[in-house]
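Grab a coffee and work through these exercises with the viewer open. Try each task yourself before reading its solution.

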Amino acid sequence: MAVEIKDIGTHLVYSDGRIYSKRLKRFLKLSITSRGYVCVSYNGKDVKLHRMIASVFIPNPENKPFINHRNAIKTDNRVENLEWCTPKENSQHASRMGLIKHSETYLEDRRQKGFNVIQAMGNIS
């Protein structure tokens, strides 16, 4: 896929996940949050790069509030790897991709507290 560029005033946003500052005449440095997301300092604020890329390039007619990384790699912020989603779709995606794991110890702890694990897991989908 060819790299698309959108002008958002003081910056150019590239569909491959890069941000160019027209004022500084260079690509902005990226940082990684403690949760593994890529951030960029934009207008004095740290902004998650996947949110900026999705907001600029991906229409969101249903006003879905979350963004999935389709391949579950948080540092892959190419447009083709991002999609808007609901909280439920986000949780289902995380579960399918193996990002949410319930260990046997966790499940046993829940059983001992009288929580019906099977019933609750059935309500996830």
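Among contacts in the chain between residues at least 6 apart in sequence, 35% join residues at least 24 apart. Keep in mind that this is a predicted model.

**Exercise 1. Work out the fold pattern and say what share of the chain is buried.**

Solution. Start by counting elements: the chain has four helices and nine strands. Next, walk along the sequence and write down each element as you meet it, which gives β-β-β-β-β-β-β-α-β-β-α-α-α. Then turn to burial: 29% of the 125 residues count as buried. Finish with the surface, where the accessible area comes to about 8,400 Å², with 52% of that belonging to carbon and sulfur atoms.

**Exercise 2. Find out how many disulfides the structure holds, and decide whether Cys 39 and Cys 85 are buried or exposed.**

Solution. First the disulfides: searching the whole structure turns up zero. Now the accessibility of the two cysteines. Buried means under 20% relative accessible area. Cys 39 has 7% relative accessibility, so it counts as buried. Cys 85 is at 1%, so it is buried too.

**Exercise 3. Describe the largest pocket: its volume, its lining and the elements that supply that lining.**

Solution. Begin with the volume, which is about 460 Å³. Then look at the lining: there are 18 residues, and those closest to the pocket centre are Tyr 37, Ile 67, Asn 68, Lys 74 and Asn 90. Next, ask which elements they come from. Helix 1 (49–57), strand 8 (66–69) and helix 2 (87–96) each supply at least two lining residues. Last, sort the lining by class, and you get eight nonpolar, six polar and four charged residues.

**Exercise 4. Lys 25 and Asn 63 have backbone angles worth a look; what sign does phi have at each, and where do the two residues sit?**

Solution. Some background helps here: most residues other than glycine have a negative phi. Lys 25 isn't a glycine, yet its phi is positive, at about 60 degrees. Asn 63 isn't a glycine either, and its phi is positive at about 50 degrees. Now place them. Lys 25 is in the loop between strand 3 (19–21) and strand 4 (26–27), while Asn 63 is in the loop between helix 1 and strand 8. For accessibility, the cut-off for exposed is over 50%. Lys 25 is at 63%, so it counts as exposed. Asn 63 has a relative accessible area of 63%, so that residue is exposed as well.

**Exercise 5. Take Ser 21 and Val 47, and work out which strand holds each one and what each one touches.**

Solution. Ser 21 belongs to strand 3. Its relative accessibility is 2%, so it counts as buried. Leaving out residues up to four places away in sequence, Ser 21 touches Thr 10, His 11, Arg 26 and Leu 28. Pick Thr 10 for a distance check: it is 11 residues from Ser 21 in sequence, and the C-alpha atoms are 6.4 Å apart.

Val 47 is in strand 7 (residues 45–48). At 21% relative accessibility, Val 47 counts as partly exposed, because buried means under 20%. With residues up to four places away set aside, Val 47 touches Val 38, Cys 39, Val 40, Tyr 42 and Met 52. Cys 39 is the buried cysteine from Exercise 2.

**Exercise 6. Do the same for Arg 70 and Val 3: where are they, how accessible are they, and which residues do they contact?**

Solution. Arg 70 lies in the loop between strand 8 and strand 9 (82–85). Its relative accessibility of 43% makes it partly exposed. Beyond its neighbours within four places in sequence, Arg 70 contacts Glu 80, Asn 81, Leu 82, Glu 83, His 93 and Met 97. Check one of these in the viewer: Leu 82 is 12 residues along the chain from Arg 70, with 5.9 Å between their C-alpha atoms.

Val 3 is in the segment before strand 1 (5–7). It is partly exposed, at 44% relative accessible area. Outside its neighbours within four places in sequence, Val 3 contacts Tyr 14, Ser 15, Asp 16 and Arg 18. For a longer-range check, the C-alpha atoms of Val 3 and Val 79 are 9.4 Å apart, with their positions 76 residues apart along the chain.

Note on methods:
Residues numbered from 1 in each chain as written. Predicted model: local features only at pLDDT ≥ 70, side-chain atom pairs only at ≥ 80, totals over all residues. Heavy atoms only, no water. Disulfide = S-S within 2.5 Å. Buried < 20%, exposed > 50% of the residue type's maximum accessible area, 1.4 Å probe, protein only. Contact = heavy atoms within 4.5 Å. Areas by Shrake-Rupley, 256 points an atom, 1.4 Å probe, with all protein chains shown as cover. 1 Å grid on protein atoms, 1.4 Å probe; cavity = no way out; pocket = protein on both sides within 12 Å on 5 of 7 lines; lining within 4 Å. Points joined across faces, edges and corners; volume = space filled by probe spheres on them. Nonpolar A, V, L, I, M, F, W, Y, C, P; charged D, E, K, R; others polar.
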